[in-house]
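These notebook entries record what I looked up in the structure shown below. I worked from the interface to single residues.

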Amino acid sequence: MWFEWKIDFEGQKQAELISQVGIILFAAIGFIAGFLLQNLILAFQIFGGGIFLTSLFVLPPWSFYNQHPVQWLPPIQIEKDKPEQEEVDELKEKST
Amino acid sequence: MYNLAQRANAIFAFAMTVHFGLLLAIAISSLYITSNPIGKVDVKELNIWLYNYDNKETEFAFIEMNIDADLTSLFNWNTKQLFVAVVAEYETKSHELNQVVLWDSIIQSKEDAHIKEDKVRNENEFVDITPKFGEVKANYSIYWDLMPYVGYLMSGKIEPDQSFSFPAPNNYN
């Protein structure tokens, strides 16, 4: 669906890395800035702004997250074998 | 992390954990912030009157003092408020340490941390646990308690450099 904002597996790895590095980085910057300027609210404003910025980077399905789509194998035809069909019928009888 | 809901949940959970780490960092770093509170209490007048209290004739002390203190160095980024109290401490024959709180105040900002109170009277009754004080000498110290936004409670005491003797009781009330 269009609203699911799907990304492929390589993109998920990248998104996880970017989000973790970004959030920790903004927490560190917020702490240092707040400590040097002796302002507690500033530290949390920087941290909150950092979470918002990281979300902008990670939540939407940017094209660089979809560079490695999953390579599905081509479909194979299943031949109907009689012995296999009989086993399936027996199992169905036992379960009902 | 394949769709929006998963990524949003993962980011939120991780952000909350890092948030707690940030609070822990603030709490621990506040242990290493130095401060230098200074202050003194000048006793202007000290009178002792006798009242009947609990069917005994009890000595009540009435004090008038000047309080001069500078507690601004205690205000760092993690200080929510300070509780300050002037405490009279003395020793009697029956009890080794007696403490009576004479005046207290809550300070909520750095600007209010310059305490300059003149002719302050004791807010609470200045009595001993026994009916008579006796001839005691009292020290008047300033105790402070720091309440942080996050972290450990700190407290300290500003010691005076002189002590005052109690006079004899004045009159009968």
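**Interface of chain B and chain A**

I began with the contact between the two chains: about 2,200 Å² is buried between chain B and chain A, and carbon and sulfur atoms give 80% of that area. I note that this is a predicted model. I chose this quantity because the size of an interface is often given as the accessible area lost when the parts come together.

I then asked which three residues of chain B supply more of the area buried against chain A than any other three. They are R7(B), I11(B) and W77(B), with 32% of the area that chain B buries there. In residues, the contact takes 28 from chain A and 20 from chain B.

I looked next at the polar side of the interface. I found zero salt bridges between chain B and chain A. By class, the side of chain B that touches chain A holds 15 nonpolar, four polar and one charged residues. Six residue pairs are in polar contact across the interface, counting pairs with both residues at pLDDT 80 or more.

**Chain A as a whole**

I recorded three helices and zero strands for chain A, in the pattern α-α-α along the sequence. Of its 96 residues, 23% are buried. The accessible surface of chain A comes to about 7,800 Å², and 67% of this belongs to carbon and sulfur atoms. Among contacts in chain A with a separation of 6 or more, 71% are between residues 24 or more positions apart.

**Q12(A)**

I located Q12(A) in helix α1 of chain A, which spans residues 9–37. Is Q12(A) buried or exposed? I entered Q12(A) as buried, because its relative accessibility is 14% and the cut-off for buried is under 20%.

Leaving aside neighbours within four places in sequence, I listed I7(A), M1(B) and Y2(B) as the contacts of Q12(A). A polar atom of the Q12(A) side chain lies 3.3 Å from the backbone oxygen of I7(A).

**Two residues with positive phi**

I checked W5(A), a residue other than glycine, and found a positive phi near 55°. W5(A) lies in the segment before α1 of chain A. I noted W5(A) as partly exposed, because its relative accessible area is 31%.

I then turned to K119(B), which is not a glycine yet has a positive phi of about 55°. K119(B) lies in strand β5 of chain B, residues 114–121. With a relative accessible area of 62%, K119(B) is exposed.

Note on methods:
Residues are numbered from 1 along each chain as its sequence is written. Chains are lettered from A and ligands numbered from 1 in the order in which they are written. This is a predicted model: local features need pLDDT of at least 70, side-chain atom pairs count only at pLDDT 80 or more; totals for chains, interfaces and linings use all residues. Side-chain values use heavy atoms; hydrogens and water are left out. Helices (H or I, at least four residues) and strands (E, at least two) are DSSP runs, numbered from the N terminus. Buried means under 20% relative accessible area, exposed over 50%, partly exposed in between (1.4 Å probe, protein chains only). A polar contact is a pair of N or O atoms within 3.5 Å; within protein, one must be able to donate a hydrogen and the other to accept it, and residues adjacent in sequence count only if both atoms are side-chain atoms. Contact means heavy atoms within 4.5 Å. Accessible areas come from the Shrake-Rupley method with a 1.4 Å probe; for residues, only the protein chains shown count as cover. Buried area is the accessible area (1.4 Å probe) that two parts lose on being put together, summed over both. A salt bridge is a side-chain nitrogen of Lys or Arg within 4 Å of a carboxyl oxygen of Asp or Glu. Ala, Val, Leu, Ile, Met, Phe, Trp, Tyr, Cys and Pro count as nonpolar, Asp, Glu, Lys and Arg as charged, and the others, Gly among them, as polar.
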